[in-house]
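Me: Take a close look at one part of this model for me. I want the sheet and the helices that pack around it, in short sentences.

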Amino acid sequence: MIRSAIAAENAYDERISTVPSKILNSGKPFAPCPLADSCAPARSDSGRLFAWILCLLCVAFLPGCVTPTYYNVKDFTTVVIDAGHGGHDSGTSTTLGKWVTVRRVQRSRGGKRKVVVTKERVATGPRILEKDLALDVARRLQSKLRAAGLRTVMTRRDDTFIPLDGRVEISNAQRKSIFVAIHFNEGRRTGACGVETYHNNRGTPEFAGRIERAMASLPGEVNRGVKTANYRVLRKSRGPALLLECGFLSNPDEAARCATAAYREQIASRIAQAIIEQRQ
Ligand SMILES: [Zn+2]
């Protein structure tokens, strides 16, 4: 779960926009030539020639400023694996438990006794933290990708807090890389379940769909779809970036599944397989 952890930063960052994307998205004409003032006052032949050269340079280089980078999501050589949260930031959490049958005696207004039987969940197991599960899946994913010959970079290798901008810096320093963040989810309803994949639109919808289908093909999983969101790590990543929500810890059954090493191994295998297939 990443929403609450980065909500404050997002709220601040909403006010910041990068000029190239603003120009691209607005549909307005290109930004004025930054050398326009130099172009205008041409008083002599040599000055006029100089001005023309400057204007031609503007025309030559301006498209480079506003043309979006082409992202070939098959061409990556490095996978930056980002285990969500860490350190004092545990992410979401839950206490494992079991379902028990509870019988309660109720009395109606007329004084009649009635036995009400319900299924209730009682906490009997350990508390599990999203940051631990995410790191475990990230490590498993790393080992599988390495075995397949891919270079990997981990934004964190242990229980350390790395700021969101620090994670993005690590990713943006890698050439020909993709960014894959691992998270677990939470919902207001305990019935909410399934996996979902967010992407940053850097040529990534198809890639996101491949990973989402791979995760959702696990027994008992639900495909919640491919989505976009204004998450800081996605928005500020220069290359293709994905954020995977690998299951709801607020759902008792799904949390119990995510708590097992066997399930996390399967999740990591499906993600790794989808990444490897994407390059072929
Ligand atoms: Zn999270």
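Reply: Start with a helix on the sheet. In this predicted model, helix α6, residues 164-172, lies across β1, β4 and β5. Its direction makes about 170° with β1. Helix α7 also packs on the sheet, where it touches β6 (195-199), β7 and β8. The angle between α7 and β6 is about 165°.

Now the sheet itself. It is open and has six strands, in the order β4-β1-β5-β8-β6-β7. The pairing is mixed. β4 (151-154) and β7 (223-228) are the edge strands, each pairing on one side only. From one strand to the next, the twist averages 20°.

Look next at β5 and β8. Strand β5 covers residues 177-185 and pairs with β8 in the parallel sense, over six bridges. V180 stands opposite L242 in β8. Both V180 and L242 are among the residues with the most contacts inside the largest nonpolar core, together with L244 and I271. That core has 51 residues.

L244 shows what meets there. Leaving aside neighbours within four places in sequence, L244 is in contact with V180, A181, I182 and H183. Its other contacts on that basis are T197, I211, M215 and I271.

I271 leads on to helix α10, where it is one of the buried residues. α10 spans residues 261-278. Its 18 residues reach 26 Å from first C-alpha to last, close to the 26 Å expected at 1.5 Å a residue. The buried set also includes Y263, R264, I267, A268 and R270. A272, A274 and I275 are buried too. The buried residues of α10 pack against two strands, β1 (78-83) and β8 (241-248), and against the helices α5 (130-147), α7 (205-216) and α9 (252-258).

That brings in α5. Its 18 residues should span 26 Å at 1.5 Å a residue, and its end C-alpha atoms are 26 Å apart, so the two agree. The buried residues of α5 include L133, A134, L135, V137, A138, L141 and L145. E130, K131, R140 and Q142 are buried as well. After α5 comes G149, with a positive phi near 90°.

Last, the chain as a whole. It has ten helices and eight strands. Of its 280 residues, 34% are buried. Among contacts between residues at least 6 apart in sequence, 80% join residues at least 24 apart.

How values were computed: Residues are numbered from 1 along each chain as its sequence is written. This is a predicted model: local features need pLDDT of at least 70, side-chain atom pairs count only at pLDDT 80 or more; totals for chains, interfaces and linings use all residues. A nonpolar core is a set of buried Ala, Val, Leu, Ile, Met, Phe, Trp, Tyr and Cys residues joined through C-beta atoms within 7 Å. A residue is buried if 20 or more other C-beta atoms lie within 10 Å of its own, exposed if 12 or fewer, and partly exposed in between; C-beta atoms are placed from the backbone. Two residues are in contact if their C-beta atoms, placed from the backbone, lie within 7 Å. Helices (H or I, at least four residues) and strands (E, at least two) are DSSP runs, numbered from the N terminus. The expected span of a helix is 1.5 Å times one less than its number of residues. Two strands pair if DSSP finds at least two bridges between them. Axes are lines fitted to C-alpha atoms, for helices over the stretch in contact, and angles run from 0 to 180 degrees between N-to-C directions.
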